[in-house]
Amino acid sequence: LRLNSHCHSCLQPSCFGYPISIFFIVINEFCERFSYYGMRAVLVLYFKYFLNWADSLSTTIYHTFLALCYLTPILGALIADSWLGKFKTIVSLSIVYTIGQTILSISSINDLTDTNRDGTPDHIAVHVVLSVVGLILIALGTGGIKPCVSAFGGDQFSDDQEKQRTRFFSIFYLSINAGSLISTIVTPILRGQECGIHSKQRCYPLAFGVPAALMAVSLMVFIIGSGMYKKVQPQGNIMIEVSKCVGFAIKNRFRHRSKEFPKREHWLDWASEKYSKQLIAQTKMVLKVLFLYIPLPMFWALFDQQGSRWTLQATNMDGNFGAIQIQPDQMQTANSILIIVMVPVVDTVIYPLIKKCGINFTPLRKIAVGMFLASLAFVAAALVQVQVDKTLPVFPAAGQAQIKVINLGSANAAVQFQPGLKNVTVEPHEAVNYMIFKTSELSGVSVMFGNEAANPRMDLLDGKRQTLAVKNVGTTIVAEWLHDNITSKPGEGNNLIRFINNMDQPINVSMAGTHFGSLPSLSASNYTIFSGGSKTITANASSFSCEVSSKTFGFGSAYTIVTNGCSGNSLNTTYVEDVPPNTVHMGWQIPQYFILTCAEVVFSVTGLEFSYSQAPSNMKSVLQAGWLLTVAVGNIIVLIVAGASKLSEQWAEYVLFAALLLVLCFIFAVMAYFYTYVDPNEIEAQLDEDEKKQAKKDKDPEKEGEAVSRM
């Protein structure tokens, strides 16, 4: 450990040639990215399953939040450069960020408003308001500090530490990827746990609470290093200068719009009365690049749907990977893992191979290829969605009823739906799957066991599923209507289980420690949520106690388990499938993630490189703001397209997005064809030379004037 003599404003402790302060910044960034990506990974499922929002509303709010996260960096940069400075901006907005994460965590506590302790919030509006407030504060915090932290880290190095600064940025971006990767794995696991004071629910408070704690740690670590930082005073923001220059040029051009004023080479030249030639030339270069940005938001519109539509797609898929059970929101880690693998592969293998083939793979061509690949990824997602849709159950619409028949008896049951709509025969301990009837047409049901017949009363509910359980007891026919109360496929990889007691006495049933209470003979319990895997089922009565291991439950199924009796200590059960389990494997999402990650590598990395290479050194922040703005606009496009398309099929929406990006990819390719690459340093050097020549010319007439006056 030694003092860094290169720091002119302060004596900075250093280690291995690096200022110690940067270690605090790297740890701070890791914790902050863990906090952000961890919260974001489970967000859309929180909307769907806790706040009970529809898929479309969940997607809308998710992308509104992302758009806000990418709009606020401009605000953060302005505050840091023009008012508070980077250090104070990071601290103050991190406090806002931490408060936001804490509020979001509190909003997900089920027991907060569950006064009757039935397992569901009684005042969902309270949770919605808290969630929205928390998300707005998080968006202000994460967006506001985004442009400040990396720049603040760069400020810690002196001019002769260029090598260390470059390595710092590599470590900095590694900490971003490490934080996002680990959190995307961990928080879905935390969400999958069960917690609660009065009733056990999916543990969203823990899934949001850990990121909130990490954000508090991030803030504390950053403040601890306060005494070691080199703090550069605010020096104004170039974005404001550029905006003023553009504004003045437009206003001045409008003032001089009549034909008597001669035209100027470029509309920005109308700012020359007030602004320097250098600023105008630099602004021209920036606007030239920003013009190329116009088609780019569509890429982000597709890319950011990994956390919304693709995650919702995974909720209807099978996450059984052998020894590992993957949660729907954990599939996003595929992108984080693939990006770590693909960046070096593309840089060291793919690009050199393309070069060897004699192809001039320019940055703009790479960006166009990235857009094409993203479009291809959504075609792959559409193909997967078509297969998923085939496995989804059909639920009755208004004016319809779905009826399933279960035969609990010992002989064949013949069931007729009057008047002559359908006749079915059901074997003992078997079921006939749901049949759809128009409620206006169905007038009655008759049940026959051999020569015995019965006409059970009708108990139809419009737009609902129902089960008719029938049994022959001697010469008597018993028929019970059971209301199924399932309106959608179980989500989050869960299963719905209920029991029918087919014994001649009341029993107490429990499964995996969950008690269904006392079930009278020929009655059914309510459905209860269970995770996948095999469970132990126990049945108790006054005269016996027996148990059995259940079948292995998959993802997203619903079963009625009929308890038929005990053989010694073993329980005899029959399984009736009410909703089939997810059969399309989550592994089928890997191709679309792979293609989209390849698209990200050639699009995102190249885009930033190209922007920096085409911008003057003092204008890089303007292009960074423009780049972040394309992400924000991309998320707004999702809201507009999803809202305006009115497509009922999800696969069709994927195809629509793919088609829109393909069209914009073509437009971008045409724009790129006419773009001429520039060297900003060369242009700036030429401008400096012209200024010197002009200054010399201005001086020479003065000298001539002095000589004349002496004569």
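Let me start with one pair of residues: Gly-565 has Asn-572 as its bridge partner in strand β23. Before going further, I should say that this is a predicted model. The pair belongs to a longer ladder, in which nine bridges join β22, residues 558-567, to β23, residues 570-579. Those two strands run antiparallel. They form a hairpin with two residues between the strands, and Gly-568 there takes a positive phi near 70°.

What does β22 pair with besides β23? Strand β16, residues 495-501, is joined to β22 by six bridges, and here the strands run parallel. One of the partnerships is Phe-499 with Ile-561 in β22. As for exposure, β22 is mostly covered, with eight of its ten residues buried.

Phe-499 comes up again from another side. Ser-525 sits in the loop between β18, residues 514-519, and β19, residues 528-530. Leaving out residues up to four places away in sequence, Ser-525 touches Arg-498, Phe-499, Phe-516 and Leu-519. Is Ser-525 buried or exposed? Its relative accessible area is 9%, so Ser-525 counts as buried.

Now to the helices, and to His-127. This residue is in helix α4, which covers residues 124-155. Its relative accessible area is 0%, so His-127 is buried. Which side chain does the side chain of His-127 meet in a polar contact? It is that of Thr-113, at 2.8 Å. Thr-113 is also among the residues that His-127 touches beyond four places in sequence. The others on that list are Tyr-46, Phe-50, Leu-51, Ser-107, Ile-109, Asn-110, Leu-112 and Pro-121. For Ile-106, which is 21 residues away along the chain, the C-alpha to C-alpha separation from His-127 is 8.5 Å.

Two of those neighbours, Tyr-46 and Phe-50, lead to the aromatic residues. Both belong to one aromatic cluster, together with Phe-47, Trp-53, Tyr-204 and Phe-208. Across the whole structure, a search finds 38 aromatic pairs. One of them is Phe-30 with Phe-34, a tilted pair with 6.4 Å from centre to centre and 45° between the planes. Why quote both a distance and an angle? A pair of aromatic rings is described by the distance of the centres and the angle of the planes.

Phe-30 and Phe-34 both lie in helix α1, residues 21-50, and they are four residues apart, about one turn of the helix. Their exposure is worth setting side by side. Phe-34 has a relative accessible area of 7%, under the 20% cut-off, so Phe-34 is buried. Phe-30 has 26%, which means it is partly exposed.

Two rings have a charged side chain over them. Arg-264 lies over the face of Trp-270, at 4.1 Å from the ring centre. The charged end of Lys-551 sits over the ring of Tyr-575, 5.9 Å from its centre. Tyr-575 falls within the residue range of β23, the strand I began with.

Last, confidence. The protein chain has a mean pLDDT of 86, and 94% of its residues reach 70 or more. Where does the pLDDT fall below 50? It does so over residues 1-11, a stretch that has 20 contacts in the model beyond near neighbours in sequence. Where pLDDT is low, the predicted coordinates should not be read in detail.

Definitions and conventions
Residues numbered from 1 in each chain as written. Predicted model: local features only at pLDDT ≥ 70, side-chain atom pairs only at ≥ 80, totals over all residues. Heavy atoms only, no water. Buried < 20%, exposed > 50% of the residue type's maximum accessible area, 1.4 Å probe, protein only. Contact = heavy atoms within 4.5 Å. Polar contact = N/O pair within 3.5 Å; in protein donor to acceptor, adjacent residues only side chain to side chain. Phe/Tyr/Trp six-rings, centres within 6.5 Å; stacked < 30°, edge-to-face > 60°. Lys NZ or Arg CZ within 6 Å of the ring centre and 35° of its normal. pLDDT = per-residue confidence, 0-100. Pairing = 2+ DSSP bridges.
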